[in-house]
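Good morning, and thank you for making time for this presentation. I would ask you to look at the sequence and the structure together while I speak.

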Amino acid sequence: MIEVKNITKSYGKTQAVRGISFSIKDGECFGLLGPNGAGKSTTINMLSMLFPPNAGQITIGGIDVAKANGEVKSMLGIVPQEIALYEKFTAWENILFWGSIYGVKGKALNDKAEQLLKWVGLFDRRKDLVKDYSGGMKRRINIACALLHSPKVLLLDEPTVGVDPQSRNLIFELIQQLNKEGMTIIYTTHYMEEAEKLCDRIGIIDNGLIIAQGTLDELKKQSEVNDMIIVDCTQTPDEKMLAEKLKTTVSVHENRLSILSEDSKKDLTRIVTTCTDAGYEITRIDIQKANLESVFLKMTGKQLRD
Ligand code: ADP
């Protein structure tokens, strides 16, 4: 369905995307997971045909995007990171406006707008001005707008940023439902829980490159991580000293230590002794099975939120 081959994009001297390749099958939910500034929005904006890559090729539905006219655009539903709604208009007016942009008109537009507003749970609020909506409600309208022309592919760029937990769960349910009905989804996030929950396959992106991609199980296997031990201390530990002493990947964020371990049962005593010998007072220890956070740490030496 979607083939991305070695695309690059620079803004002046900043190389935002430095040669990214991936492919997405029909009906798949593909996640791009990476920290802020990794190049997620730049990648998704190129897929959305907002601007072309400097080099490389994108094909969607077998069509080279660089040579395409309207036929690829009509396949895509786009939910950009910045909410694209007119605050001084009602939700209904916004929906009709976006429908006209996508070339949906008349009764077809009215019927679809009603169906989508009901689906996102905001039909009763359709006459309210968007400026009075919460972040989560605006995002739900934004998703409805992207679906008015019944696209085959939905691209969502960090759709849960600035969204309350209730809307967040609803957005997950909506995306899962669309995906079950066969829609291909591309979803960017810096929250590993979201990628784990929603995505069939995940591309881990850092510093303009995809450093690993696959299913969650494949990624865990590739990284050879078994456990991550989280240690909270009363002061900020010395990352370099602990990494040298423990001979493994260690990352410090404020007073929290994240330590990769092949076998936490074996390593735990040694970790506690090393920390206490260094004069750190431990307030909490948590052992997690390998997850996307530990995979990211293993591959980059840093935490997703860094
Ligand atoms: P992400 O979506 O993962 O947070 P972005 O694609 O937004 O990452 O940004 C990748 C890099 O490109 C960052 O270093 C960012 O500062 C830079 N960048 C993004 N957009 C622009 C722009 N319009 N002008 C200049 N630099 C940009």
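Let me begin with a term. A crossing of two helices is called right-handed if the near helix is turned clockwise from the far one by less than a right angle, and left-handed if it is turned anticlockwise. With that in place, please note that what you see is a predicted model.

I shall start with the chain as a whole. Its secondary structure comprises eleven helices and 14 strands. Along the principal axes, the C-alpha trace spans about 75 × 40 × 35 Å. The protein chain has 306 residues, and buried residues make up 48% of them. Consider next the contacts in the chain with a separation of 6 or more: 71% of these are accounted for by residues 24 or more positions apart.

I turn now to helix packing, with helix H3, residues 91–101, as our point of reference. How do H3 and H5 pack, and at what angle? Helix H5 covers residues 135–146, and its axis lies 9 Å from that of H3, at an angle of about 30°. Angles under 35 degrees count as roughly parallel, and H3 and H5 are therefore roughly parallel to each other. Their crossing is right-handed. On the H3 side, the contact is made by Ala91, Asn94, Ile95 and Trp98; on the H5 side, by Ile141, Ala144 and Cys145.

The partner to consider next is helix H4, residues 106–119. The axes of H3 and H4 come within 10 Å and cross at roughly 130°, which makes H3 oblique to H4. This crossing, too, is right-handed. Here H3 contributes Trp92, Ile95, Leu96, Gly99 and Ser100, while H4 contributes Leu109, Asn110, Ala113, Glu114 and Leu117. Ile95 thus belongs to the contact with H5 and also to the contact with H4.

Before leaving H5, I would draw your attention to Lys138, which is placed in that helix. Is Lys138 buried or exposed? At 15% relative accessibility, Lys138 counts as buried. Leaving aside neighbours within four places in sequence, Lys138 is in contact with Ile83, Leu85, Glu87, Val130 and Tyr133. By contrast, Lys138 and Tyr280 are 46 Å apart in space, C-alpha to C-alpha, and 142 residues apart in sequence.

The next topic is the aromatic residues. How many aromatic pairs does the structure hold? There are six. One of them joins Phe22 and Phe30, and this pair is stacked, with 4.9 Å from centre to centre and 20° between the planes. Both partners are buried: Phe22 has 3% relative accessibility, and Phe30 has a relative accessible area of 0%. Another pair, Trp98 with Tyr102, is tilted, at 6.4 Å centre to centre and 40° between the planes. Trp98 is partly exposed, at a relative accessible area of 21%, and Tyr102 is likewise partly exposed, at 25%. These two residues also belong to one aromatic cluster, together with Tyr86, Phe89 and Phe97. We have already met Trp98, as one of the H3 residues in the contact with H5.

Rings also take part in another arrangement, at Phe123. The charged end of Lys118 sits over the ring of Phe123, 4.9 Å from the ring centre. The charged end of Arg126 sits over that ring as well, 3.9 Å from the centre.

I come now to the backbone, and to two glutamates. Glu158 has a phi near 45°, a positive value in a residue other than glycine. Where does Glu158 lie? Its place is the loop between strand S7, residues 153–157, and helix H6, residues 165–180. Glu158 is buried, with a relative accessible area of 5%. Glu254 also has a positive phi, of about 50°, although it is not a glycine. Glu254 lies in the loop between strand S12, residues 250–253, and strand S13, residues 256–261. At 60% relative accessibility, Glu254 counts as exposed.

Finally, let us look at Lys240, in helix H9, residues 239–246. Lys240 is exposed, with a relative accessible area of 62%. Its C-alpha atom is separated by 9.3 Å from that of Val252, twelve residues apart along the chain.

That concludes the presentation, and I thank you for your attention.

Note on methods. Residues numbered from 1 in each chain as written. Predicted model: local features only at pLDDT ≥ 70, side-chain atom pairs only at ≥ 80, totals over all residues. Heavy atoms only, no water. Phe/Tyr/Trp six-rings, centres within 6.5 Å; stacked < 30°, edge-to-face > 60°. Buried < 20%, exposed > 50% of the residue type's maximum accessible area, 1.4 Å probe, protein only. Lys NZ or Arg CZ within 6 Å of the ring centre and 35° of its normal. Axes fitted to C-alpha atoms, helices over the stretch in contact; angles between N-to-C directions. Helix = DSSP H or I, 4+ residues; strand = E, 2+ residues; numbered from the N terminus. Parallel < 35°, antiparallel > 145°, perpendicular 65-115°, else oblique. Contact = heavy atoms within 4.5 Å.
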